[in-house]
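I opened the model to look up its domains, one helix pair and one sheet, and I note the criteria as I go.

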Amino acid sequence: MTRSDRDEDPYRPFTVPDEPRAFRYDGEVRPGEKRQFRYEVSETYLGDPVAVPVTVINGHNPGPRLLCTAAIHGDELNGVKVCQELARAYDPTDIAGTLVLLHVVNVPGFQAQQRYIPIYDLDMNRAFPGGSANTASRMARELWDAFVSRCDACLDFHTSTRNRTTMYHTRADTANPAVDGLARAFGANVIIGGPGDDGSLRKAATDAGIPTVTVEMGKAHRFQPVLVEKAVDGVENVMRSYGMCEGPVAWPGWFQIATSGEKAWLRAEEGGLVDMHWGPYPLVRAGDTICTVSDQFGDEERVVEAPFTGLLVGVLENPVALPGHPLCHLARVAEATADEIEAEIERGEFDGYRANGTVWRDGDDD
Ligand SMILES: [Zn+2]
């Protein structure tokens with residue numbers, strides 16, 4: 001493939017220069033240099049700096065610039081571990097192009113171990129590309145100007161919210177070829193399609209021509225080694241597909257893209273206690289009982305059945321519900337795919353997930 005063909009490839013909407021280039025933010029990381037530093041994005045009430053830990057690994061050889069971001073929601077820690085592992089794993093001799101890691105985006109939330117910026121509960125993932133309106137949008141703007149806008153593609157790592165859990169999956173605007181290509185290269189089995197919410201890093205960056213995929217992995221407040229390892233492999237796969245490092249691109253044995261017509265939130269119709277009956281694996285066939293909602297005396301009980309065959313990509317963990325409360329998020333899979341997944345389950349390929357506790361995580365996150 002010639003360079004000009006590659007420039008026109010809708011799956012790789014970036015131009016790779018002939019010579020390695022410096023990565024410039026306020027400072028500069030030269031080709032062949034690996035730098036780790038704190039980048040100031042705000043100040044505390046004490047006037048002390050609020051600074052994001054950053055790693056920039058700039059390869060000896062030219063290539064695209066890939067950004068990985070973690071803990072935009074401050075209590076979502078698996079991605080923090082992914083960034084730490086990536087920072088240790090790669091040196092400039094290993095890669096063509098630049099790997100940029102924002103280890104903890106929402107520093108105030110991380111320090112408080114909360115999802116939002118603790119002051120006024122601001123959601124950093126509704127503040128991109130940033131502005132001057134409030135602390136969240138100012139922090140977002142600093143990071144946007146210095147890092148996001150200077151990269152060619154982005155992977156944004158999330159986990160579930162407290163009391164929920166979700167299957168390892170990605171969220172991506174699969175109608176956009178560049179985003180679709182990035183999500184497929186990352187290689188999670190399940191991709192939930194859709195453009196994302198206004199103000200999310202994913203949507204803002206994608207709208208700005210920087211294809212971005214959200215990775216949803218496991219629970220808040222935990223490191224889950226099996227999921228972290230999968231995600232680190234996923235980043236390597238993306239780098240291989242972009243020509244940033246050597247090696248074959250590994251494609252998942254099966255994958256499923258669920259768009260709006262193919263997924264459903266099942267909600268409680270009444271308040272009460274929730275007993276989950278699905279499992280131990282997240283595959284349910286049409287008509288299977290997913291859970292029951294009962295009153296305190298156990299007299300009234302509603303059975304919640306799967307309206308179609310699918311994967312439970314998000315389930316409630318805290319076993320109490322109010323009317324309208326989401327019980328689970330179900331993504332449709334074709335019967336043939338369900339058979340493949342069942343065969344994998346029988347071969348034990350899902351067992352590693354179980355050994356590490358739940359695979360699932362919240363659904364609304366992103
Ligand atoms: Zn999140």
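What distance separates the centres of domain 1 and domain 2, taken over C-alpha atoms? I find 31 Å between the two centres, with domain 1 assigned to 3-241 and domain 2 to 261-355; such bounds come from an automatic or database domain assignment.

I keep in mind that this is a predicted model, in which local features need pLDDT of at least 70 and side-chain atom pairs count only at pLDDT 80 or more, while totals for chains, interfaces and linings use all residues. Residues are numbered from 1 along each chain as its sequence is written.

Helix pair. I looked up H2 (residues 78-89) and H7 (residues 225-241), whose axes come within 9 Å and cross at roughly 55°. That angle makes H2 oblique to H7 (under 35 degrees is roughly parallel, over 145 roughly antiparallel, 65 to 115 roughly perpendicular, and the rest oblique). In the contact, Asn-78, Lys-81, Val-82, Glu-85 and Leu-86 of H2 meet Leu-227, Val-228, Ala-231, Val-232 and Val-235 of H7, where contact means C-beta atoms, placed from the backbone, within 7 Å. I note that these residues divide into seven nonpolar, one polar and two charged.

Sheet. I then traced an open sheet of four strands, in the order S17-S16-S14-S19 with antiparallel pairing (strands pair if DSSP finds at least two bridges between them). S17 (301-305) and S19 (320-321) stand at the edges with a single partner strand each, so one side of each is left without a neighbour in the sheet. S14 (residues 272-276) pairs with S16 (residues 289-294) over four bridges, and Val-274 stands opposite Val-293 in S16.

How values were computed
Axes are lines fitted to C-alpha atoms, for helices over the stretch in contact, and angles run from 0 to 180 degrees between N-to-C directions. Helices (H or I, at least four residues) and strands (E, at least two) are DSSP runs, numbered from the N terminus. Two residues are in contact if their C-beta atoms, placed from the backbone, lie within 7 Å. Ala, Val, Leu, Ile, Met, Phe, Trp, Tyr, Cys and Pro count as nonpolar, Asp, Glu, Lys and Arg as charged, and the others, Gly among them, as polar.
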